[in-house]
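User: Hi, I'm new to reading protein models and I'd like to go through this one step by step. Could you show it to me and then take my questions?

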Amino acid sequence: MCQTALLYLGQVAVVNENLFSTCQLISRAQTPKPVDQLAQEIGLLQEETEAYGRTKAKVRLSLLDRLREQPDGKYVLVAGITPTPLGEGKSTVVIGLVQALSAHLKLNSFACLRQPSQGPTFGVKGGAAGGGYAQVIPMEEFNLHLTGDIHAITAANNLVAAAIDARMLHEATQTDKALYSRLVPSVNGDRRFSPIQIARLRRLGISEIDPSALTPQEVSSFVRLDLDPAKVTWQRVVDTNDRFLRKITVGQASTEKGHVRETQFDIAVASEIMAILALADGLGDMKTRLGRMVVGSSRSGQPVTAEDLGVSGALAVLMKDAIKPTLMQTLEGSPVFVHAGPFANIAHGNSSVLADKLALKLVGEDGFVVTEAGFGADIGMEKFFNIKCRASGLRPNIVVLVATVRALKMHGGGPNVSAGSPLPREYIDENLSLVAKGCSSNLRKQIQIAHLFGVPVVVALNVFKTDTQAEINLVCQMAKESGASDAVPCHHWALGGRGSVELAQAVKQASSQPSHFQFLYSQEKIRMIAQKVYGADDIELSPEAKAKIDYYNQQGYGKLPICMAKTHLSLSHLPEKKGTPTGFTLPIRDIRASIGAGFIYPLVGTMSTMPGLPTRPCFYDIDLDPVTEEITGLF
C-alpha cells in the first residue's frame, strides 16, 4: 500500500545550478513543498501528522500499528573513517544517496538524521543539514530549534537535577514526621498516596496503601532516599558549549542552609534522556526507561532512581511530543526523519530507533532507509551495532563508509588540520604518497571494523574540488583491495542526487549480498572494544573505574552494553595519533551508568562531556536581518 503511495519518486525539484555555491543560499533558493503534501506523497494519513509550520511535522507513532504487517525495507548505515576536525561529509552522503536512490533509481528511500546541537552550530563545526545540493531544507529550521525536542530534554533533565538537590535539602532539615506530612498531605480531609508513591512502597516491600497504617520504620524508609551528596551522578545540562560549567558549586545561597556541593554541567545532547529518546521503541518504553534512570546512590550504597524521586511521570509529560520523529525533506524533495541527537564521542551517536522503524515500514520491502552514525566507524558505527541494534532488533544490510582525500592525507602523515585555519599545501596539491599511507592505515582499519560485525562495506569517496583524478582512482582501488565490496567517487555536494547515482547503484548491488551480522561481544566488553576495534594492546582501569565495575556488577548491571566516551579524532585516546595507532594502552579513568538508556559508559582518557568555545566561534558570522527576518551565516 505504501509503496504505491510514495508519489515523490522521480519528482525532483528543478534547482538553478548557477546559484551561489554557499549552502545557505542554495537552501533558500529552493522552496520546500508543503509538509502536508510531502506526508501524503509518502503514504501518511492526515491524522498521523502534526504540522509545525509549513515545512515540518511530527509523525505519530500510531503509524507503526497501521503498518505492522508491512515488510521492512533495506537498512543502510553511513559511517566514516576517523575524521579531521572539519568533518568529512557523512550527512551530505546520506542525503545525496537518498536523492539518487529515489529520483534516479526510482526506489522508495528515506533519510534518518540526528537533530544538531546548538553547541557545534554556534561553536566550531557549524550545522548538520548537509551541504551544497545535498542538504535538508529549510536548513535554518533544521539547525536551530526544529520542533523543540532538545529543549524538552533540557527541561526534563534539569527537573531531575532540581528534584535531587531539593530532596537532599528537605531530608536534611526535616523529621520523618514532617517529611511524611508534606509528601503525603491531607487534602480536604482525604489522605492518600499518589500512584508513583504506591510504586515506591511496592519496591520497598510495603503492601499497605493506607497512609495512616504505616509503621514508624516504614514511614522512615518511604520518606528518606538518603542520597549521598558525594555519589550523585546526575548533572545539569545546557545546549551550549560552555567550558566554565565543567565544574561548579551549587547551594551557596543562605536559603540552602549550607548544603553546598560541587557538580557540573554536561552539554544537553549528552543527557541520558537524549539517549533514552533515541533508543525507546514507544511512549510506554520511554516512560519505563525514564523511571529507572539512576541518579545516584544512598549512603548505604543502594541506587536511587528518578521513580524514587517521584519525577518520572512528569518527565514523560515533558517528553510526550519529543518522542515523535520530525518529518522534513531534502533539497530535491526526498523525505527525511530528524529525531534525537546524541554525540558519538560522549554518547551513542545515532538517530532514533523509532525514526528508523517508521521509515523502514514506509519505504516497503524494496525500498531503502539510510541512517548515519556519528564520527568515525570505530565510535558511531560500533555503537550503532552494539547498542542501537541490540535495542531495536533491526539488522543492517550494508555499511557505506565515507572517506575524503583530505582525511586520508592527514592519516598518511600530513600536517595538522584546524578549523578556521587555511589548509596546508599538502591538502591542496596532489600527493599520492600521503593518500596511499592513509588508505593502508585508517581506511583499511575502518573497513576491517565493519567486517567484524559481518556487514558488507561500500566506500563513498566524498570528492572535493582540490582532489585529483589520480588521487580519486587510488582511493577507490585501495579500498577494494582492503575488502570493500565497491568504492565510488561521489559528487553530491555539487550535483545533488545525480552526483551519487554510482554510489546508489553500488549500494543496491551490495545490499543484495547476504549480511552475516553479529554482535562483537558478550563478555570482557571494554577490553574487546579496545583491542578489536581501536587496536589497543590492553586497557588500564583507574582505581575509581575498578570500584565502579565492582559496584555495577553487584547491582546487576554487568550485562549491559558498553558506550565508550572517547575522542573522535583518533582510533586511540590521543587525538594527535593519526592513521592506525599501535602499541598503546587505553586508560579508563571513570565509568558511569545510564541504566534507563541501558548502557554503561567508560570515560577514556581526558574526554569531557562539556565542549568549549574556540577563540573565534561560528556565532561571529550569524546574524538576522530585522526587516526580512532572514538569517545569515549558518552553514
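Analyst: Sure! Pro138 is a nice place to begin: this residue is found in the loop between strand 6 (134-137) and helix 7 (139-143). Keep in mind that we're looking at a predicted model.

User: Which residue is joined to Pro138 by a cis peptide bond?

Analyst: Let's start with the background: most peptide bonds are trans. The bond leading into this loop proline is cis, with omega at about -10°. The partner of Pro138 in that bond is Ile137.

User: Where does Lys106 lie, and what is its phi?

Analyst: Lys106 lies in the loop between helix 5 (90-104) and strand 4 (109-113). Most residues other than glycine have a negative phi. Lys106 is not a glycine, yet its phi is positive, at about 60°.

User: And what about Ala340, which loop is it in and what is its phi?

Analyst: Look between strand 17 (335-338) and helix 16 (353-363), and you'll find Ala340 in the loop there. Ala340 isn't a glycine either, but it has a positive phi of about 70°.

User: Let's zoom out. Which domains is the protein divided into, and how far apart are the C-alpha centres of domain 1 and domain 2?

Analyst: The division gives domain 1 (25-147 + 322-512), domain 2 (150-308) and domain 3 (525-603). Domain 1 and domain 2 are in contact, with 28 residues taken from domain 1 and 20 residues from domain 2. Their C-alpha centres lie apart by 38 Å.

User: How many cavities of 30 Å³ or more are there, and which domains line the largest cavity?

Analyst: Searching the whole structure turns up 1 cavity of 30 Å³ or more, and the largest cavity holds about 30 Å³ of space. Its lining includes Gln115, His145, His151 and Asp239, and the lining residues divide into 3 nonpolar, 4 polar and 1 charged. At least three lining residues come from each of two domains, namely domain 1 and domain 2.

User: Why does the second largest pocket lie between two domains, and which ones are they?

Analyst: This pocket contains about 900 Å³ of space. Among the 41 residues lining it, the closest to its centre are Val232, Thr233, Gln235, Lys548 and Arg592. Two domains both give residues to the lining, so the pocket lies between them: domain 2 and domain 3.

User: Which element gives the largest share of the lining of the second largest pocket?

Analyst: Several elements give two or more residues to this lining, including strand 9 (227-232), strand 14 (294-298), helix 24 (543-554) and strand 23. By type, the lining residues divide into 19 nonpolar, 11 polar and 11 charged. The largest share is 5 residues, and it comes from helix 24.

User: Strand 9 and strand 14 are in a sheet together. Which strands stand at the edges of that sheet, and why is one side of each left without a neighbour?

Analyst: The sheet is open, has 3 strands in the order 9-14-15, and its pairing is antiparallel. Each edge strand has a single partner strand, so one side of each is left without a neighbour in the sheet; these are strand 9 and strand 15 (303-305).

User: What is the bridge partner of Leu227 in strand 14?

Analyst: Strands of a sheet pair through backbone hydrogen bonds, either parallel or antiparallel. Here strand 9 and strand 14 pair in the antiparallel sense over 2 bridges. Leu227 has as its partner in strand 14 Ser298.

User: Now for strand 23 (residues 585-594). Which residue in strand 24 does Ala593 stand opposite?

Analyst: Strand 23 belongs to an open sheet of 3 strands in the order 22-23-24, with mixed pairing. Strand 22 (538-541) and strand 24 (599-604) each have a single partner strand, so they stand at the edges with one side left without a neighbour in the sheet. Strand 23 and strand 24 pair in the antiparallel sense over 6 bridges. Opposite Ala593, in strand 24, stands Ile600.

User: Which helix packs on that sheet, and what angle does its direction make with that of strand 22?

Analyst: Within the sheet of strands 22, 23 and 24, neighbouring strands are turned against each other by 50° on average, direction ignored. Helix 23 (residues 525-534) packs on this sheet, touching strand 22, strand 23 and strand 24. The direction of helix 23 makes an angle with that of strand 22 of about 140°.

Definitions and conventions: Residues numbered from 1 in each chain as written. Predicted model: local features only at pLDDT ≥ 70, side-chain atom pairs only at ≥ 80, totals over all residues. Heavy atoms only, no water. Pairing = 2+ DSSP bridges. Helix = DSSP H or I, 4+ residues; strand = E, 2+ residues; numbered from the N terminus. Axes fitted to C-alpha atoms, helices over the stretch in contact; angles between N-to-C directions. Contact = heavy atoms within 4.5 Å. 1 Å grid on protein atoms, 1.4 Å probe; cavity = no way out; pocket = protein on both sides within 12 Å on 5 of 7 lines; lining within 4 Å. Points joined across faces, edges and corners; volume = space filled by probe spheres on them. Nonpolar A, V, L, I, M, F, W, Y, C, P; charged D, E, K, R; others polar. Domains from an automatic or database assignment.
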